[in-house]
Structure formats: structure tokens, C-alpha cells
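Subject: Structure handover

Hello,

Here is the structure I promised to pass on. Please look it over, then read the notes below.

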Amino acid sequence: MNAIDQHARATPGFEARVAAAAARLAAAAQAHAGRIVQATSLGAEDMVLTDLIARHRLPIAIATLDTGRLHPETLQLADATERHYGLAIERFAPAAEATLHFVREHGELAMRQSVALRKACCALRKLEPLARLLNGRSAWVTGLRREQSDARAEVPFEDTDDAGRAKFNPLADWSQADVWHYIALHGVPYNVLHDRFFPSIGCEPCTRAVALGEDFRAGRWWWEQESAKECGLHVSALPSPALSETTA
Ligand code: SF4
């Protein structure tokens, strides 16, 4: 049973939610012409957003963080997405020398040693490249959904990040069933790891499959306490603990 079989379901209001998400993206593109980017993790939600952007020919750049620890399947999806839509995905990698130094000092699995080292790894491989990805942009688009976790229950459609940039979450009110119904309807490419029970996909050493009934994000940093699970990508004005990892 693949991810579409598992999750896709048509529910009342689906078409209206699709139309509203497209309208929000179009309005954001117009308000931030030439300075707006979708920060994609290539997860299911982000693939829906990329499809909407491509389908409606919206002038929104698409960029991703290549942390150097992604699954091969994720890297293959980035290439396949470019081919499928005929667009280029900007890729931001961590600083090579700093990364080499970190690995030499703490080892390949430093993130398992302590929360502090895990956060240091996220800062190096995600936060610093994200800062470059967002440099010169006045707005970004993410695939955050309220249903994804308690910490995301209040995600608004439009927010402001700590640097004062507009942050748009057009799928905030979508369900997992909506996401997969859209993917099925439109033949959107998606990460084959979703078919192997990875609902949320991040770096290879920090992501595992989840068991039936486990939380959406149970497969992320599973060795840590729930309250520690954040890497700062989505630090926002939302009340704590709405600090979390992307759709990355
Ligand atoms: S998710 Fe894991 S491997 Fe990726 S940057 Fe964070 S700690 Fe490092």
C-alpha cells in the first residue's frame, strides 16, 4: 500500500481549500514580486506547493537546503522535480570547511550524543544555509499545516519571522488527506520514502519510519524528548513551543 492509498481522501471543502491556497500564493507573489521564495524540504506538502506554483506560473523562486545528510531518495526527487516542471531548484549547502571541522571534532553521529550537539549540527547544516537562502527576500512560503503537531496547531496563513519577513503558510488548514488527494489528482511527484512509512522526512540520520498510530513527527529525532525537537527553522512570533522543523 503506497502513501496515496494510505492517506488520500476527498473531503468536503477540498476544492475551496485548493482555490484558497492558490489565491494566497498569487497574492503573495504579487505583493513580494521578485523577492519571494518557497523553502521546500521536498516533503509531500512542499510538493503540493511547488505544483501550485508551477501550475499557476507564479513568480515564486523555489529553493531547498541540501544539508549533506539527505536521503538519496530526496536528492533524486529534487532532480525529478526539476525535470517534471521544467524549473530550477536553488540549492543551499552548509559551509564546507565548518562542516568538515564539526565532523572531525564530534563524529558523523554527533547529533545522537546530546541535544546541544544535535542543535549545533542543525545550526550548521540548516540555519546558516537558510539565512543565505532568505537573504535578499522579503517573503517565504512553507508547507506547515496545523494538523501536523500540537506545536503547529496555531499556524496562521500569514506570519512574520524574526527578521521581519513575511512568511506564508497557504496549506495551514489542509489535512493530510487533502495533501495526498491533491498529489493523487495531479500526479505530483513525491518522495518514495513516504511509501515506506516516513510521513516526515529530514536528514537520513535523524529520520525513521513510524509505526501505525504513531504521531506524524514521531520519526524525527526520536531519541530526544518531545520538547527538545526543534531546529529553529520555524522560529516565529507564534507562542512557544511553535518552534519546529520544516516541512524540512
Ligand atoms: S536533522 Fe540531523 S543531520 Fe540534519 S542538520 Fe539536524 S542534526 Fe544534523
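Leu-52 is found in helix 3. Helices (H or I, at least four residues) and strands (E, at least two) are DSSP runs, numbered from the N terminus. This is a predicted model, in which local features need pLDDT of at least 70, side-chain atom pairs count only at pLDDT 80 or more, and totals for chains, interfaces and linings use all residues. Residues are numbered from 1 along each chain as its sequence is written, and side-chain values use heavy atoms, with hydrogens and water left out.

Back to Leu-52. Its relative accessible area is 1%, so Leu-52 is buried. Buried means under 20% relative accessible area, exposed over 50%, partly exposed in between (1.4 Å probe, protein chains only). Leaving aside neighbours within four places in sequence, Leu-52 is in contact (heavy atoms within 4.5 Å) with Val-18, Ala-21, Ala-22, Leu-25, Leu-58 and Tyr-182. Leu-25 is 27 residues from Leu-52 in sequence, and their C-alpha atoms are 8.2 Å apart.

Tyr-182 belongs to the buried residues of helix 7 (residues 176-186). The others are Ala-177, Asp-178, Val-179, Trp-180, His-181 and Ile-183. These buried residues pack against helix 1 (3-7), helix 2 (14-31) and helix 3. Just after helix 7, Gly-187 takes a positive phi of about 60°.

Next, the sheet. It is open, with 6 strands in the order 3-2-1-4-6-5 and mixed pairing. Two strands pair if DSSP finds at least two bridges between them. Strand 3 (90-92) and strand 5 (158-160) are the edges, each pairing on one side only. Neighbouring strands are turned by 30° against each other on average, direction ignored. Strands 4 (residues 139-141) and 6 (residues 166-168) pair in the parallel sense over 3 bridges. There, Trp-140 has Lys-167 in strand 6 as its bridge partner.

Helix 3 (residues 44-55) lies across strand 1 (36-40), strand 2 (61-65) and strand 4. Helix 3 runs at about 145° to strand 1. Axes are lines fitted to C-alpha atoms, for helices over the stretch in contact, and angles run from 0 to 180 degrees between N-to-C directions.

Last, the ligand. Which residues are around the ligand? They are Met-111, Arg-118, Cys-121, Cys-122, Arg-125, Lys-126, Cys-203, Cys-206 and Trp-221, each with a heavy atom within 4 Å of it. Cys-121 counts as buried because its relative accessibility is 9%. Cys-206 counts as buried at 8%. The structure holds 0 disulfides (pairs of cysteine sulfur atoms within 2.5 Å).

Best wishes
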